Amino acid sequence: MAWFLFLVPLLLAGVAAAIPTNRWRPWLVPMGGLAHLCLTGLAVAGTPVTALKGWLVLDPLSVVVLGFVSTMFFLCSLYAPAYLALRPDRSNRVFCACLLAMLGMMTLVILAHHLGLMWVAIEATTLATAPLLFFNHTSRSLEATWKYLLIGSVGIALALLGTFFLAYSSIHEGLEPTLLLDDLVHLAPKLSPPWLHAAFVLLLVGYGTKMGLAPMHTWKPDAYGEAPGLVGALLAGGVTSCAFLAILRFYQICRNAQEAAFAREILIFIGLFSMAVAAVFVIRQRDFKRMLAYSSVEHMGILVLGIGIGGVATFGALLHMITNGLTKGVMFLSAGNIHRAYDSKNTDDVHGALHRLPISGPLFLAGFLMVTGSPPGGPFISEFTILIGTIHAGKYFIAGLFLTLLAIVFIGMGATVLRVVQGVPSDKAVATPYRDRPQLVIPILMFFVLALALGVWIPNPLVTHLRQAAAYLEGGHP
Amino acid sequence: MNKFIDPILVLVLLLNFVALGASRMRTVIQAVAVQGMLLGILIALAHGHLIFWVAMMALATIFLKGVVIPRMLFDAIRDVVIRREVEPIVGFIASLFLGAVGTGLAVLFSRTLPIDHGEMGSLIVPAALSTVLTGFLMLTTRTKAITQVVGYLILENGVFIFGMLLMEAVPFLVELGVLLDLFVAIFVMGIIIHKISREFSSVSTQMLSELKE
């Protein structure tokens with residue numbers, strides 16, 4: 001089962017690379033998404049999944065991340081054929097193959113219980129997404145791809161050094177050398193603390209670069225600004241969640257080594273710092289796609305902050321990964337539609353999206369309200385849970401700072417979003433041929449309904465899985 | 001066998017300085033190629049007895065880091081019509097000085113970490129850290145895209161040296177995966193360098209400054 005989960009997308013990627021017709025190839029992407037979603041459903045519902053002598057394991061934490069990433073990819077994949085049909089001039093061979101390869105590699109990251117294998121898979125997601133960023137073949141997308149590739153690879157190289165440090169912390173104490181997660185969690189109390197500390201810092205910097213935590217976030221505005229909306233959504237929802245999972249794995253080891261206080265302090269600091277950086281740059285942001293990138297930096301900060309606080313906030317952070325990802329789906333895809341309709345992503349040119357795009361425009365506005373934590377959206381519930389956790393932990397100052405930063409981001413993003421959606425569309429905008437069409441708005445509507453539904457009612461199975469994941473993270477095995 | 005490890009690490013460190021001080025791009029790439037080959041030899045030495053997998057791994061490292069990747073970089077500077085000088089932001093003397101300071105700091109930092117000098121040379125951790133720092137220095141102070149890639153390679157080499165301490169912990173499947181990832185990364189970077197040179201008629205990353213706040 002574990003093999004199927006990541007080999008099926010990779011196989012389809014191979015098929016996509018081999019198929020000669022540009023017209024039918026994009027349909028492989030939703031096919032792959034659907035197949036992966038079905039397999040994920042079977043894996044979650046069925047017997048425990050393990051393979052390769054414990055190298056691949058579906059634990060309670062990976063169940064949550066896998067279910068989320070699979071859903072995210074499926075909804076995004078529905079958008080792909082119609083999007084690529086708008087670009088008949090360009091071969092989509094590399095694009096489709098890389099999308100499917102990215103899904104396969106993300107699955108491998110989620111399943112991997114061997115830290116070396118996980119590293120290889122995360123680096124592979126970087127490499128698979130680089131051609132996706134370059135799809136538009138402009139000088140700006142070239143610049144964004146170069147920065148993404150170089151900063152990402154350097155970050156990941158530091159993570160490899162951190163992984164080696166971690167392995168050495170066991171050798172140093174005369175233990176059997178290992179990089180298997182379960183062994184390391186088990187051996188954690190005996191690991192050499194100085195090496196463990198150095199390892200955690202390097203790993204947080206390394207995988208934090210991939211996740212886009214400040215101050216390692218500099219690739220993010222460029223990459224999200226230039227990437228097609230579809231790719232932006234997958235990066236903001238999928239790849240960053242995988243990097244988050246990687247950080248959680250190392251947090252687990254630190255926690256078991258009685259070093260939780262050390263790890264938590266760093267996580268809280270870097271979380272708040274990311275939120276603060278996002279708040280500074282989101283104000284007066286005239287490029288609405290770059291604005292989304294800073295929003296992503298902010299929410300990655302919220303995720304690690306939640307883990308740093310612990311307790312109820314851990315549950316909140318895991319829920320927030322899902323609600324934020326779904327809302328980002330709404331925002332990136334509708335922003336892509338607006339960008340196409342106006343042939344610009346600058347608020348100097350883009351006004352009146354509510355009139356110009358009667359479905360994408362309102363969805364963009366609604367997505368903004370949800371992502372900034374307005375009730376009854378999903379992110380409201382998850383952010384509120386993190387807030388409650390912070391107050392329960394007696395960290396009133398952090399709670400106050402958290403609320404202040406959320407408010408600043410709300411105002412900053414609001415100014416940009418309102419300029420986009422209100423007013424009268426310019427003549428140039430009305431002249432572009434693009435109109436809202438069902439294939440390009442139905443996936444956004446599905447994202448919207450899911451994100452809204454999670455704010456109103458969280459289904460019991462999801463609560464159970466989230467609880468199990470939080471318990472697994474906080475206390476070894478539930 | 002072990003008595004060769006430390007001298008090789010000293011050579012690796014010297015090559016860092018060659019890469020930092022050289023003004024011609026060819027010399028920089030050659031230095032990294034030799035460094036890559038030395039790493040392959042180190043793998044063979046670190047294990048003592050040569051079993052099949054170790055030999056495979058050593059050969060793969062020598063072949064990829066010493067031959068294939070340098071060839072790709074040489075092809076890149078040949079295809080792209082550019083001036084063959086390095087053009088640093090920080091001068092060569094200053095780079096060398098910073099490199100020396102970095103090496104000193106690496107030695108000091110590795111003293112603070114508990115290391116047992118068992119069968120391995122005592123230089124492994126300082127050599128690894130100072131090579132990582134050299135890579136960083138190249139990445140940040142050189143403007144050409146190709147020299148940045150070389151910086152990334154040196155950084156990876158540093159991580160690789162540290163990996164010598166963990167030969168038993170890291171299975172060959174993973175090591176091969178790491179090498180493969182490195183190869184593909186350089187390959188993709190090579191393609192992008194090519195596109196950059198066509199788009200901007202230059203491979204200086206100072207041209208890449210359109211995206212900013």
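In the predicted model, helix α9 of chain A packs on helix α12 of the same chain through Lys220(A), Pro221(A), Tyr224(A) and Gly225(A), which meet Lys289(A), Arg290(A), Leu292(A), Ala293(A), Tyr294(A), Ser296(A) and Val297(A) in α12(A). By class, six nonpolar, two polar and three charged residues make up this contact. Helix α9(A) spans residues 219–226 and α12(A) residues 288–309; their axes come within 8 Å and cross at roughly 135 degrees. The two helices are therefore oblique to each other, and the crossing is right-handed.

A second helix pair was examined in chain B. The axes of α4(B), residues 92–112, and α5(B) come within 8 Å, with a crossing angle of roughly 145 degrees. This crossing, too, is right-handed. On the α4(B) side the contact involves Ser95(B), Leu98(B), Gly99(B), Gly102(B), Thr103(B), Ala106(B), Val107(B), Phe109(B) and Ser110(B). The partners in α5(B) are Val125(B), Pro126(B), Leu129(B), Ser130(B), Leu133(B), Thr134(B), Leu137(B) and Thr141(B). Nine of the residues in the contact of α4(B) with α5(B) are nonpolar and eight are polar, and no charged residue takes part. Phe109(B), a residue of helix α4 of chain B, is separated from Pro126(B) by 7.9 Å between C-alpha atoms, the two being 17 residues apart along the chain. Because 15 other C-beta atoms lie within 10 Å, Phe109(B) is classed as partly exposed.

The contact between the chains takes 36 residues from chain A and 35 residues from chain B. On the side of chain B that touches chain A, at least two residues are supplied by each of α5 (124–141), α6 (145–163) and α7 (172–200). Of the elements of chain B, α7(B) gives the most to this side, with 13 residues. The side of chain B that touches chain A divides into 24 nonpolar, three polar and eight charged residues.

In soluble globular proteins, nonpolar side chains tend to be buried together. In this model the largest nonpolar core has 260 residues. Those with the most contacts inside the core are Leu100(A), Val109(A), Ile247(A) and Val150(B). Helix α6 of chain A, residues 139–172, contributes the largest share of the core, 20 residues. Leaving aside residues up to four places away in sequence, Ile247(A) touches Leu204(A), Tyr207(A), Gly208(A), Met211(A) and Val304(A).

Several loops of chain A carry backbone features that call for separate mention. Most residues other than glycine have a negative phi, and most peptide bonds are trans. The peptide bond from Ala214(A) to Pro215(A) is cis, with omega near 0 degrees; Pro215(A) lies in the loop between α8 (193–211) and α9 of chain A. A cis bond with omega near 0 degrees also joins Pro375(A) to Pro376(A), and Pro376(A) is placed in the loop between α15 (360–371) and α16 (378–392) of chain A.

Positive phi values in residues other than glycine occur at His137(A), where phi is near 55 degrees, and at Asp343(A), where phi is near 55 degrees. His137(A) is found in the loop between α5 (115–133) and α6 of chain A. With 10 C-beta neighbours inside 10 Å, His137(A) counts as exposed. Asp343(A) lies in the loop between α13 (312–342) and α14 (353–356) of chain A. Asp343(A) has 13 other C-beta atoms within 10 Å and is therefore partly exposed.

Conventions. Residues are numbered from 1 along each chain as its sequence is written. Chains are lettered from A and ligands numbered from 1 in the order in which they are written. This is a predicted model: local features need pLDDT of at least 70, side-chain atom pairs count only at pLDDT 80 or more; totals for chains, interfaces and linings use all residues. Two residues are in contact if their C-beta atoms, placed from the backbone, lie within 7 Å. Helices (H or I, at least four residues) and strands (E, at least two) are DSSP runs, numbered from the N terminus. Ala, Val, Leu, Ile, Met, Phe, Trp, Tyr, Cys and Pro count as nonpolar, Asp, Glu, Lys and Arg as charged, and the others, Gly among them, as polar. Axes are lines fitted to C-alpha atoms, for helices over the stretch in contact, and angles run from 0 to 180 degrees between N-to-C directions. A crossing is left-handed if the near helix is turned anticlockwise from the far one by less than a right angle, and right-handed if clockwise. Angles under 35 degrees count as roughly parallel, over 145 as roughly antiparallel, 65 to 115 as roughly perpendicular and the rest as oblique. A nonpolar core is a set of buried Ala, Val, Leu, Ile, Met, Phe, Trp, Tyr and Cys residues joined through C-beta atoms within 7 Å. A residue is buried if 20 or more other C-beta atoms lie within 10 Å of its own, exposed if 12 or fewer, and partly exposed in between; C-beta atoms are placed from the backbone.
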